[in-house]
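Open the model in your viewer and keep the selection panel at hand. This tour goes from one stop to the next, and each stop says what to select.

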Protein chains: 4
Amino acid sequence: MAGQGSFSPERPQPQNDRTGLWLVGAAGNVATTVALGLAALRQGATPPIGLTTELPPFEGLALVPWSHLALGGHDVRPCDPEATARALAREGVMAPDLVDRLAPDLDAYRQAVQPGVHALTRGDQDGAQRIATVQSHLRAFMERNGCARLVVMNVATTEPPLAAPLPETPDALRAAIADGAPVPASVLYAYAALDMGAAYVNFTPSPGASPPALHALAEARGTVHAGSDGKTGETLLKSALAPLYAMRNLRVHSWFGQNLLGNEDGRSLTQTGALASKVRTKSEQIPSILGYAPDTQVAIHYVPPLGDWKVAWNHITFEGFLGTRMTTQVTWQGADSTLAAPLVLDLTRLVDRALRRDEVGVLPYLAFFFKAPLGTGEQALHRQFDMLLAHLRMG
Amino acid sequence: MAGQGSFSPERPQPQNDRTGLWLVGAAGNVATTVALGLAALRQGATPPIGLTTELPPFEGLALVPWSHLALGGHDVRPCDPEATARALAREGVMAPDLVDRLAPDLDAYRQAVQPGVHALTRGDQDGAQRIATVQSHLRAFMERNGCARLVVMNVATTEPPLAAPLPETPDALRAAIADGAPVPASVLYAYAALDMGAAYVNFTPSPGASPPALHALAEARGTVHAGSDGKTGETLLKSALAPLYAMRNLRVHSWFGQNLLGNEDGRSLTQTGALASKVRTKSEQIPSILGYAPDTQVAIHYVPPLGDWKVAWNHITFEGFLGTRMTTQVTWQGADSTLAAPLVLDLTRLVDRALRRDEVGVLPYLAFFFKAPLGTGEQALHRQFDMLLAHLRMG
Amino acid sequence: MAGQGSFSPERPQPQNDRTGLWLVGAAGNVATTVALGLAALRQGATPPIGLTTELPPFEGLALVPWSHLALGGHDVRPCDPEATARALAREGVMAPDLVDRLAPDLDAYRQAVQPGVHALTRGDQDGAQRIATVQSHLRAFMERNGCARLVVMNVATTEPPLAAPLPETPDALRAAIADGAPVPASVLYAYAALDMGAAYVNFTPSPGASPPALHALAEARGTVHAGSDGKTGETLLKSALAPLYAMRNLRVHSWFGQNLLGNEDGRSLTQTGALASKVRTKSEQIPSILGYAPDTQVAIHYVPPLGDWKVAWNHITFEGFLGTRMTTQVTWQGADSTLAAPLVLDLTRLVDRALRRDEVGVLPYLAFFFKAPLGTGEQALHRQFDMLLAHLRMG
Amino acid sequence: MAGQGSFSPERPQPQNDRTGLWLVGAAGNVATTVALGLAALRQGATPPIGLTTELPPFEGLALVPWSHLALGGHDVRPCDPEATARALAREGVMAPDLVDRLAPDLDAYRQAVQPGVHALTRGDQDGAQRIATVQSHLRAFMERNGCARLVVMNVATTEPPLAAPLPETPDALRAAIADGAPVPASVLYAYAALDMGAAYVNFTPSPGASPPALHALAEARGTVHAGSDGKTGETLLKSALAPLYAMRNLRVHSWFGQNLLGNEDGRSLTQTGALASKVRTKSEQIPSILGYAPDTQVAIHYVPPLGDWKVAWNHITFEGFLGTRMTTQVTWQGADSTLAAPLVLDLTRLVDRALRRDEVGVLPYLAFFFKAPLGTGEQALHRQFDMLLAHLRMG
């Protein structure tokens, strides 16, 4: 594979049996909650609520135990997980005494976070160097923690959609990077991870490993990737509710979804072009489940006083027998970080299993966790769950 | 079978290939909407919205076409379907011009409705006679309409729960009826139907064919039955939504369901002991899906200005990762009659198919249509749907 | 006054005691509902629900009776009120048999509607002519119907905000019109009306008579005007609810308002620059009532399947004693046309009274009916109502 | 006045200028929150949010400052305010560090709480003694704290309605108490308070000082009383919203209110006859504001997982112009204790002012704070607020 010209082809040599989870966007609310939650699970300080992999069907799969996960990450921002966790506790997202108790773990996490890299803007000549730097961080982390496998997960702020398609092969992409093409940070990280045989999971709607060149790279390096955009709120609810109308042959005329967000993700979504990424991954869902396209709009607004809480309001009009017009209204109110963090942990375990089993390429059976699943068009939550269980039962 | 002492053992001789649908509670909103809807479907005056059996997976099953269904019924109340339909149209449930157009069909239906029988109160000596009368009506209807098969469906006002268990065998039940035991009307109709080999479907939470004696009678006569309590609103919604919390391992703490009803069903529910029947069939669902028992309350109130419309409000509190308290709220607003009527038609087709295929006993694969499915504990909507499809695919 | 250079200074001579109501936007849903409603009121075919002027405090004011109102209007679109009313009836906004019964009245209204004028685009040389044409229509209408007074009401589709301020005096405005300045249609109509001494009411957020030159013209001609933007839904609700937080000293942190509209107004709002006009009139309200500025966002989306129905969802977060975070959520669902039409009739009566009493200039005491009241900053509904009653009691 | 046979006629001699607030039900959530809140206000540890008397119109009234209020109370239950406050903090009602900081104040409050008295059951012979005991507690409290005036406020768990009317004069009531008549605890406390010239405020729907004999006693002793049932949630919202329909002449057909409560108040309401008291004070409101009686139902359910939080859902159907059926839905979610506590403090200040000004009898101008205001039928929130301001401005 080195002959294919990768920046750093060597796959790290496992020294023991641990698995690394590397969070891109390590300073954010989701990453901080992952760090706090992982520590809490290890110490038995919280019940395993919110974790799908703790349900009975997942027993006997020998998924990696919490004690065998090592945690690190990158961020371009300063990382102060204790301060971030305290802010979340003040908003009522978690109990303050949990933060007190686990403050040392948060500090250890802080020390494992490295400065991140930025997107390449046109003409930047150090793209290869940035990838190499990331990879050196990843390798050092794996060695220090005795990790046999590594899952790199993107939980950073959403990027705008790609202005133009990227080159479609790993070689062409590598050449473009070297030549100073504009490439989003999520693509640089995905390249760095996959190139060294680590798994890559895109928990955001940013490009990440979605472009064809990255998928080809994963296959070339014999590793896996999954995504995209963690399904934590409104889309989760829709994926459970929309099949009702399909199964009962009730004709949906309109499905309006309004999302109010108060955290950094909300801010960036509405102040950059990133909103388009998010809205796109959210709006393909309903037509996919129903088999026709009602008026489906998704709006996202930034409401700072909500903090980490998010509120999703869905207004659905549908037609029943003999033309009767009916409506359903749903309001979902949850905390973004504690909805997302257990999915990050579930995905890490399941992707780690894929690495152990030498699976290669995209993992469509993880659709259950994503708004815009790669490798499958399945959007109905129960079908996604069945798909996951069926895969795991295959042996 | 006559030797087993039935009141009227002869199975009617089919003269041709039609199927009869006999509605107990023929004067009510649901029955009227079935009559109007069936006429509209026959004439192509309405699209087949709301009918599950019109979905693609049901093609190729050779289900009975609308043109081959004959409609009649019993009611203890006067039956004026055109007036009833016009009242529904005034409430916005259906278009007035549809009623104009189909008034002749409603009149034909009216002429096929016979006076019903009442519950036996202690000491009534004519129970056997009442059953014989019902059966003579059913036979006459079948002959007049050339029906080879008959489905008797209970859409009458909900009865209170049984004060004491009924005898557990057909013979003992027949003896009790003859001896003047108190027996609800729904049981008399179920007995009459099953005894003559007709299928019986209980679309209400009344006893109907749920008691063991009736089930045994169905098996003895080689016919089928299904129930109970058509799943048309809040319970339908819960059966789609509750699996979300189960699959994501989110811990539900409370699930409060408030139902506002304005029609005759709502009136009778709150003015008789019948409410207990309804609340019971509604409250076993959530624990069944979740596998544990959160605080699950179901309230039903009669709000006359709503007319045929019903409003269900669900308030759900649940715990996510790290103890975060979150909530979901759902408001479902629909018209009772047009939610129920297509289920009646779907059930008729599927039960007719079971009769044609000589199935015997309870039909658990119809759980998809019921709040309190007989013969299975499955309450998750998508599992019920899969169960239905799997049965139909068996050949 | 002719010396001031008006286009058509003569005030029409009353021949008897009727009052004319002239609707600009005569073909739309609101105007059609006004025509239907006025006919229904005259014939006693509908109770006076929704009309504030039919409440007890308004008795004894000798407001113009429905029988003494004559109705006409302008529209640039073809006007077919019966078809429009039938479409509304199909959506459940009103009963179809009401349209059957009043079809002749709708036809009479149709015959009283004249072709409207368009906005002046830069360089148009016939502005004076357009105003003269409008005035000739108004005068002919008054003469034909024996009207002593005329109220011109703008219920046309919302225009974008003014790109640049208009000249501030009537003379300068008239000169600009003659010189080919770009002037919105609503300003042309307001000029035409006020200039001939008719009253002008702006039921939309379009410029209308809001610019200073029009106000000055009203004063110069001794007539009255009022506006702007009829308060029919979400803003109405806010004006009743926001004072609660103010009176109880509960600190509102965010007030998010989402409006879903399906009619022509919704379409034009989202496809032109007109949205800015609407959002502006909606967003000044909460700070005005509370005395501070929480995060107050107003979103408007066009959802065609809703037709004339509109749905407003409000999500309010507020802080109580000791920092407790609480929320209120409100969903308002109503039909735009039947919410608006009675306000048009109420305003006509009250403005007619102002004309009879020789009031001059803006009528701030009509704030109760408007989202962005002219002449007062009062936004609390009950204070607006008190202001109205206090004025009427003055004698 | 001693000649009228009071149990303890001497009015306490003020030694200085402080005012006492004595809470009946001192161990409950509301009382605990009052204690915590008062300490927080004194120390500037919380902003005065939620306190109407801190609004600009109340400046210049020289209301008693927080530093001059002394706090004590009675409870039949053990009183552990710190534990109670910590439980509330765990539910997210208030910040845990506020409890840390103010724990000494809560302990001081605990020491000021005396064992309470129970209701008299038929044949109890020590009614006079119970009253005397209460009065001795009150006097000792006033002396110890240098209180010139005392406000006794009932925040105890709701009692059932009176089974039979009480005697109508103070003398007859005193005789009945001495003779072993069954008398609720709230009446004993009200008697004790008023009899010694203290003010009595009934913050619950229990009888308290509502019966005529107590009112007469207040007048005889020259003191004041007010009530009943603090308006903290759904009823508050209704009193702001219902006037909208009245002012706009929109015809309400149904107004359904569902209250979910998880605290001790909710528990006792649904497990005793007390629910009737609560529902009654809630259901007279809408007809009073509208002037007619729509279908108005109020339901209250106990949902333990909610803890101190309460959720009120209101579903309103109304008719607009031309018969259009419209709906409003409101969900109010707040914490019972922090909604109630500031009202207790506001009322204490305003009743203290009444005592200073030698007002006598019931104080109808405090209707703004109550679900079932004594001395007035006014239920519209803004009219109640105007009534309060008007009284205060009278000088």
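Start with chains A and B. A turn of 180° with a shift of 0.0 Å along the axis lays chain A on chain B, with an RMSD of 0.0 Å. The fit is by least squares on the C-alpha atoms of residues with pLDDT of at least 70 in both copies. This is the relation of a two-fold axis. To find the axis from chain A, select A:Val330: its C-alpha is the nearest to the axis in that chain, at 2.2 Å.

A word on the ground rules. This is a predicted model, in which local features need pLDDT of at least 70 and side-chain atom pairs count only at pLDDT 80 or more, while totals for chains, interfaces and linings use all residues. Residues are numbered from 1 along each chain as its sequence is written, chains are lettered from A and ligands numbered from 1 in the order in which they are written, and side-chain values use heavy atoms, with hydrogens and water left out.

**Stop 1: the A–B interface.** Select the residues of each chain that touch the other. Contact here means heavy atoms within 4.5 Å. You should have 61 residues of chain A and 61 residues of chain B. 100% of the interface residues of chain A are also interface residues in chain B, so the copies meet through the same surface.

The area buried between chain A and chain B is about 4,900 Å². Buried area is the accessible area (1.4 Å probe) lost by two parts on being put together, summed over both. Carbon and sulfur atoms give 65% of it. Now highlight A:Arg248, A:Phe321 and A:Leu322. These lose the most area to chain B in chain A, together 20% of what that side buries.

**Stop 2: the loop between E9 and E10.** Stay on A:Leu322. This residue lies in the loop between E9 and E10 of chain A. Strands are DSSP runs (E, at least two residues), as are helices (H or I, at least four), and both are numbered from the N terminus. A:Leu322 is not a glycine, yet has a positive phi of about 60°.

**Stop 3: paired strands.** Select residues 325–335 of chain B, which form strand E10 there, together with E10(A). The two strands pair in the antiparallel sense over 7 bridges; pairing requires at least two DSSP bridges. Click A:Gln329 and look across: B:Thr331 in E10(B) stands opposite.

**Stop 4: a salt bridge.** Which residue partners A:Arg383? Select B:Asp386: the two form a salt bridge, with the closest N and O atoms 2.9 Å apart. The rule asks for a side-chain nitrogen of Lys or Arg within 4 Å of a carboxyl oxygen of Asp or Glu. It finds 2 salt bridges across the interface of chain A and chain B.

**Stop 5: chain C.** Bring in chain C. A rotation of 180° with 0.0 Å of shift along its axis superposes chain A on chain C, at an RMSD of 0.0 Å. 100% of the interface residues of chain A are also interface residues in chain C, so these copies too meet through the same surface.

**Stop 6: cis peptides.** In chain C, zoom to C:Gly227 and C:Ser228: the peptide bond between them is cis, with omega near -5°. C:Ser228 sits in the loop between strand E6 (224–227) and helix H8 (234–247) of chain C. Finish in chain D, where a cis peptide bond joins D:Gly227 and D:Ser228, with omega about -5°.
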